[in-house]
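Q: I am new to this structure. Please take a close look at one part of it, the open sheet, and show me what lies around it.

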Amino acid sequence: MRAWHSIICLAIALTVLFCGCLTVEVHSKVDVDATVSSYSFNLTTNQFVYDALKESAKEQGYATLRESLLSQTEPGTIEYSEVWDGDTVTIRMDSLRPTQLLDPGNWTVQKVDGYMIYRDARFVSNESTDDSEELVDESDEFVDDSDWLGNESDEFVDDSDWLGNEADDLGDALLSGVSLHYYLEMPGKIVDTNANTVNGNKAEWHLTGTDVFTTEIYAKSEVPALALPGFSALAALAGLACALVCLYRKNR
C-alpha cells in the first residue's frame, strides 16, 4: 500500500510540473468484523506521466511499473490492470480478498464503543502541514522582533498576508488538475463524517486541488447488532430446516 502512495506523490509532482491531469478513484467496503472486504484503486493520467512513472520504477530496480506497485503486497492479493484510451491510461488495482492490516496511523478501521470508525489519511501531506506550522512560528518570531519598527512592521504584516493569499491561489492553480473521488460503504448507518454526500451507509468524497492533500477521509457508523459473518446463510438454513420439520409432521 505504501508503494501506491509513493507513486501517487510522484505522479502529482509530474502533473504540477507539466500541467497534466491526475484523477484518483477509490472504492472501499467495510464489514462488521472491521475488515475491508473489497477495495479498488484507480489512477487515471496521460501517457507522459505514465512513461515518467515507468522510468522511475526502472531506476528503482523494477522491470515494470506493475512490479513496482505490487512490490509491497502479498502475491495473489491484488489484481492489476491497465486500460488505455488514446493518450489516457487508467491503472486499476483491486483487492482479491478481505484485509485487516492496513497502514497503521494512516489507514485504519476500528470498533470503538459500539461504532465502526474508518480513517484514511494516506493522501494528506504531512510535509505541507509541518511546513505551514514552521512558517507560523517563524512569522510569530518576526512580529515579536519587529515591534520596534512600529507602523513599518504593520505595513509589512499586511503585505505578507497578501503574499500568503497569493501563494495559496498559486498552489490551487498548480494542483487544479488533481482530483480524488472516494466511495465508502460502511456496515451500518453513517452517523458522523466529513464526506461531501451521505446516503445511509454510503459516503462520497469529491475533492480537487489542495483539498486532496488536506482532507482526511473519515466516517463513523453504527454496527448492526445481528450482522454476524454468515448470519444470513445460517438464517436461511434454519428456515429451511423448520420447513422440512413441518412438512414431515404434516405427512405423518
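A: Here is a walk through the sheet, followed by the salt bridges and the core.

This is a predicted model. A little background comes before the close look. The protein has 252 residues, and 31% of them are buried. Its secondary structure comes to six helices and eleven strands. Among contacts with a separation of 6 or more, 62% join residues 24 or more positions apart. The protein exposes about 15,300 Å². Carbon and sulfur atoms supply 53% of that area.

Now the sheet. It is open and has four strands. Their order is β5-β6-β11-β8, and the pairing is antiparallel. The edges belong to β5 and to β8, residues 190-193. Each of these edge strands has a single partner strand, so one side of each is left without a neighbour in the sheet. Neighbouring strands are turned by 15° against each other on average, direction ignored.

Start at the β5 edge. β5 covers residues 107-112. Its partner is β6, residues 115-120. Six bridges join the two, and they run antiparallel. One place to look is Thr108, whose bridge partner in β6 is Arg119. The two strands form a hairpin with two residues between them. Asp113 sits in that turn and has a positive phi of about 50°.

Step across to the next pair. β6 also pairs with β11, residues 217-222. This pairing is antiparallel too, over six bridges. Here Tyr115 has Glu222 in β11 as its bridge partner. As a general point, side chains in a regular strand alternate between the two faces of the sheet.

Next, the charged pairs. The whole structure holds four salt bridges. One of them joins Arg122 and Asp120. Their closest N and O atoms are 2.6 Å apart. Asp120 belongs to β6, the strand of residues 115-120. Both partners of this salt bridge are buried.

Another salt bridge joins the side chains of Asp94 and Arg92, at 2.7 Å from N to O. Both residues fall within β4, which spans 88-95. Their exposure can be read from the relative areas. Asp94 has 14%, and buried means under 20%, so Asp94 counts as buried. Arg92 is partly exposed at 33%.

A further salt bridge links Glu74 and Arg97, at 2.6 Å from N to O. This pair links distant parts of the chain, 23 residues apart. Glu74 lies in the loop between α3 (65-69) and β3 (78-85). Arg97 lies in the loop between β4 and β5, the strand at one edge of the sheet. The cut-off for exposed is over 50%, so Glu74, at 51% relative accessibility, counts as exposed. Arg97, at 42%, counts as partly exposed.

Last, the core. The largest nonpolar core has 41 residues. Tyr118, Tyr182 and Trp205 have the most contacts inside it. Tyr118 falls within β6, residues 115-120. Trp205 deserves a look of its own. Leaving out residues up to four places away in sequence, Trp205 touches Ile217, Tyr218 and Ala219, among others. These three fall within β11, residues 217-222. Trp205 also touches Thr193, a residue of the edge strand β8 (190-193). Its other contacts include Leu180, His181, Tyr182 and Leu184. Asn194, Ala195 and Asn196 are touched by Trp205 as well.

How values were computed. Residues are numbered from 1 along each chain as its sequence is written. This is a predicted model: local features need pLDDT of at least 70, side-chain atom pairs count only at pLDDT 80 or more; totals for chains, interfaces and linings use all residues. Side-chain values use heavy atoms; hydrogens and water are left out. Buried means under 20% relative accessible area, exposed over 50%, partly exposed in between (1.4 Å probe, protein chains only). Two strands pair if DSSP finds at least two bridges between them. Axes are lines fitted to C-alpha atoms, for helices over the stretch in contact, and angles run from 0 to 180 degrees between N-to-C directions. A nonpolar core is a set of buried Ala, Val, Leu, Ile, Met, Phe, Trp, Tyr and Cys residues joined through side-chain atoms within 4.5 Å. Contact means heavy atoms within 4.5 Å. Accessible areas come from the Shrake-Rupley method with a 1.4 Å probe; for residues, only the protein chains shown count as cover.
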